Amino acid sequence: MRLLLDENLPKRLKLDFPDHEIYTINDKGWNGKKNGELTKLLIAENFEALIYLRQKFTIPTEFQKIRYSSFSA
């Protein structure tokens with residue numbers, strides 16, 4: 001599975017997904033991208049899931065094919 005970790009998550013979290021192709025937003029050079037632009041990049045690069053930690057993340061309609069995982073602290 002191709003996963004993307006949001007920029008506010010620790011990079012070492014990648015180690016918790018050894019059987020997956022996992023990148024951070026920093027790995028991709030997408031730091032500071034707004035939700036709409038990030039959505040387009042995720043779809044274009046065929047990511048299957050975005051793992052993020054935010055209280056508010058607006059999920060655009062065209063992003064429905066990607067799974068979401070949100071963790072609360």
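Glu-45 is partly exposed, at 30% relative accessibility. In this predicted model, Glu-45 is a convenient place to start, since two of the salt bridges described below involve this residue.

**Salt bridges at Glu-45**

The link between Lys-28 and Glu-45 is a salt bridge with an N to O distance of 2.8 Å. Lys-28 belongs to helix H1 (residues 25-28), whereas Glu-45 sits in the loop between H2 and E3, so distant parts of the chain, 17 residues apart, are linked by this pair. Lys-28 is itself partly exposed, with a relative accessible area of 23%.

Arg-2 also forms a salt bridge with Glu-45, and the closest N and O atoms of this pair are 3.2 Å apart. Arg-2 lies in strand E1 (residues 2-5) and Glu-45 in the loop between helix H2 (35-44) and strand E3 (49-52), so the bridge ties together parts that are 43 residues apart in sequence. Arg-2 is buried, at a relative accessible area of 14%.

**Other salt bridges**

The structure holds six salt bridges in total. One of them joins Glu-37 to Lys-33, with 3.2 Å between the closest N and O atoms. Through shared partners, salt bridges also connect Arg-2, Glu-21, Lys-28 and Glu-45 into one network.

The table gives the accessibility of residues that take part in the bridges described here.

| Residue | Relative accessible area | Class |
|---|---|---|
| Arg-2 | 14% | buried |
| Lys-28 | 23% | partly exposed |
| Lys-33 | 28% | partly exposed |
| Glu-37 | 40% | partly exposed |
| Glu-45 | 30% | partly exposed |

**Helix H2**

The buried residues of H2 are Leu-38, Thr-39 and Leu-42. Around the helix axis they cover an arc of only 105 degrees, and therefore they lie on the same side of H2. Lys-40 and Ala-44 are exposed on the other side of the helix. The elements that cover the buried residues of H2 include E1, H1 and E3.

Two of these covering elements recur in the salt bridges at Glu-45: E1 carries Arg-2, and H1 carries Lys-28. Glu-45 itself is in the loop between H2 and E3. After H2 comes Asn-46, which has a positive phi, near 60 degrees.

Note on methods:
Residues are numbered from 1 along each chain as its sequence is written. This is a predicted model: local features need pLDDT of at least 70, side-chain atom pairs count only at pLDDT 80 or more; totals for chains, interfaces and linings use all residues. Side-chain values use heavy atoms; hydrogens and water are left out. A salt bridge is a side-chain nitrogen of Lys or Arg within 4 Å of a carboxyl oxygen of Asp or Glu. Helices (H or I, at least four residues) and strands (E, at least two) are DSSP runs, numbered from the N terminus. Buried means under 20% relative accessible area, exposed over 50%, partly exposed in between (1.4 Å probe, protein chains only). The arc is that of the directions from the helix axis to the C-beta atoms. Contact means heavy atoms within 4.5 Å.
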